[in-house]
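This report describes selected residues, nonpolar cores and salt bridges of one protein model. The sequence and the structure are shown first.

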Amino acid sequence: MKRLNVTCLLVLCATAAAAQGPVYKAKYKYPVLDRIEARRDSLKALVADAKAAVDATYAEQEKAQKDAALTLRPDWTGVELPAGPDAFKIRLAHLPPVAQYNTGSCWAFSATSFMESEVIRLTKRNVKLSEMWLVYWEYVEKVRRWVREYGHSAVEEGSQGDAILDIYAKYGVVPAEIYTGVLFADGRHDHAVLMDELKSWLKWAEDNGVWDEARVVEGARAILDVHMGRPPETFSWQGRTFSPRSFLLEALRLDPGAYVSCVSRMEQPGVAFYQPCLLDVQDNWRRKADYLNLPLDVFRATAEKALRAGYTVAFGGDNSEPGVDGMVDAAIVPRWDIPGELIDQGSREFRIATGQTGDDHGVHAVGLTTLGGRDWFLIKDSNRSSRLGADQGYYMFDADYVALKML
């Protein structure tokens with residue numbers, strides 16, 4: 001009888017052990033916690049809705065304030081201005097103004113326009129040159145230096161107008177019809193996405209310690225090719241086959257070594273006037289120190305003398321001033337800024353040193369006239385503001401403005 005009881009007990013234990021084996025069951029639900037979570041989400045939604053309503057109100061107010069905002073401008077009443085480009089006694093040959101659209105490449109448009117006028121002067125031919133050819137290779141050279149300087153060199157849209165001398169000397173040039181540098185159907189440049197991708201590529205290279213110049217440059221060119229197109233190595237023009245360099249030398253007769261860039265600065269100790277110096281601005285990413293430093297009166301007179309002698313001038317300087325008004329196609333230094341008789345080397349340098357004068361735009365001076373005892377420069381411009389007034393793509397710069405604000 002005892003043996004039978006033990007056997008039954010073993011069977012029961014075995015059955016119990018088997019019943020404790022692993023099984024999958026549906027997740028347990030906790031309705032009270034679900035209700036708490038739903039309450040929390042509801043409160044969040046109420047807060048989000050309230051915040052969205054307030055955000056929308058502030059956005060509307062900000063837009064209304066922006067739309068209603070006024071900008072400081074001169075009162076042009078009584079200001080004697082040239083009647084327009086046709087009124088300039090000296091008006092040198094140049095091609096029609098071209099818009100830069102959504103790019104920071106004013107330097108390329110002004111410098112290219114300068115070279116187009118040089119081609120007219122040298123060959124008597126009108127040849128529209130490619131601004132984007134210059135921009136493409138300038139991007140390549142910026143990336144190349146960025147690698148060599150381990151990221152300590154700017155890769156931005158801006159540059160100096162005299163970059164054209166370096167690019168033409170190394171890569172030559174092509175007509176605009178051969179390389180437009182824009183793939184949009186409307187032909188309007190937009191480098192916003194291009195720059196985002198280019199900077200992302202360089203950030204990846206820096207973050208991963210990739211400093212192989214050939215690799216980084218080729219990656220940058222792949223981005224440029226997608227957005228601008230691949231520049232040609234040879235092309236046909238007027239029945240001949242050219243390389244970009246042979247076109248520069250044979251068809252255009254341009255010598256990049258024949259030009260000089262001038263500044264008027266006091267900043268660098270030990271650098272006297274009439275000596276080469278560094279133009280210490282970000283857009284001089286090459287850190288070129290071969291700018292001829294001239295006293296202000298000579299700087300100003302040199303530009304005027306060049307125009308009177310039949311040579312145009314490419315300017316780089318500041319156009320972010322109240323005295324620059326696209327609605328009237330003119331730029332002056334208002335007397336409430338500084339009277340013209342007080343513009344001298346010191347007042348010019350003061351504005352540079354304090355950041356009031358910046359390096360933010362490139363233009364092309366193509367004419368000169370005198371009105372009411374004042375000299376005026378006819379300026380060909382690629383900027384959007386130059387298309388606000390009656391003379392599309394042109395400004396008229398008072399000579400005082402050139403003396404105070406052109407670098």
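In this predicted model, His94 has a relative accessible area of 14% and is therefore buried, since the cut-off for that class is under 20%. The residue belongs to the loop that runs between β1 (90–91) and α3 (106–123). Its side chain has two polar partners to consider. One is the backbone oxygen of Leu92, which the side chain of His94 reaches at 2.7 Å. The other is the side chain of Tyr394, with which the His94 side chain makes a polar contact of 2.8 Å. When neighbours within four places in sequence are set aside, the residues in contact with His94 are Ser117, Ile120, Val366, Lys380 and Tyr394.

Lys380, one of these contacts of His94, also takes part in a salt bridge: its side chain meets that of Glu116 at 4.0 Å, N to O. Because Lys380 lies in strand β11 (residues 374–380) and Glu116 in helix α3, this pair ties together parts that are 264 residues apart in sequence. Both Lys380 and Glu116 are buried.

The structure holds 31 salt bridges. Three of them are listed below.

| Pair | N to O distance |
|---|---|
| Lys380 and Glu116 | 4.0 Å |
| Arg287 and Asp280 | 2.6 Å |
| Arg308 and Asp375 | 4.0 Å |

In the pair of Arg287 and Asp280, Arg287 counts as partly exposed at 35% relative accessibility, and Asp280 is likewise partly exposed, at 40%. The bridge between Arg308 and Asp375 joins helix α9 (residues 296–308), where Arg308 lies, to strand β11, where Asp375 lies, so it ties together parts that are 67 residues apart in sequence. Arg308 is partly exposed, with a relative accessible area of 48%, whereas Asp375 counts as buried at 18%. Arg308 and Asp375 also belong to a network of salt bridges that links them with Arg300, Glu304, Arg374, Asp398 and Asp400.

The nonpolar interior is considered next. In soluble globular proteins, nonpolar side chains tend to be buried together. Here the largest nonpolar core has 51 residues, and Val216, Met228 and Phe247 have the most contacts inside it. Two or more residues of this core come from each of α3, α4 (131–148), α5 (163–171), α6 (192–207), α7 (213–228), β2 (235–237) and α8 (244–251). The greatest contribution is that of α4, with eleven residues. Another core lies apart from this one; it has 27 residues, among them Ala365, Leu368, Phe397 and Met406. Residues up to four places away in sequence being left out, Met228 touches ten named residues in the list that includes Met132, Val135, Tyr136, Tyr139 and Leu194.

Nonpolar residues are also found at the surface. Tyr28, Tyr30, Val32, Leu33 and Ile36 form a nonpolar surface patch, with about 540 Å² of accessible area together. Within this patch, Val32 is located in helix α2 (residues 31–68) and counts as partly exposed, at 47% relative accessibility.

Met327 lies in the loop between β8 (324–325) and β9 (330–331). At 56% relative accessibility, Met327 counts as exposed, because that class begins over 50%. Beyond residues up to four places away in sequence, Met327 touches Leu388 and Gly389. From Met327 to Ala38 the C-alpha separation is 58 Å, for residues 289 places apart in sequence.

Note on methods: Residues are numbered from 1 along each chain as its sequence is written. This is a predicted model: local features need pLDDT of at least 70, side-chain atom pairs count only at pLDDT 80 or more; totals for chains, interfaces and linings use all residues. Side-chain values use heavy atoms; hydrogens and water are left out. Helices (H or I, at least four residues) and strands (E, at least two) are DSSP runs, numbered from the N terminus. Buried means under 20% relative accessible area, exposed over 50%, partly exposed in between (1.4 Å probe, protein chains only). A polar contact is a pair of N or O atoms within 3.5 Å; within protein, one must be able to donate a hydrogen and the other to accept it, and residues adjacent in sequence count only if both atoms are side-chain atoms. Contact means heavy atoms within 4.5 Å. A nonpolar core is a set of buried Ala, Val, Leu, Ile, Met, Phe, Trp, Tyr and Cys residues joined through side-chain atoms within 4.5 Å. Patches are made of residues with over 30% relative accessible area and no salt bridge: like charges are joined within 9 Å, nonpolar side chains (Val, Leu, Ile, Met, Phe, Trp, Tyr) within 5 Å. Accessible areas come from the Shrake-Rupley method with a 1.4 Å probe; for residues, only the protein chains shown count as cover.
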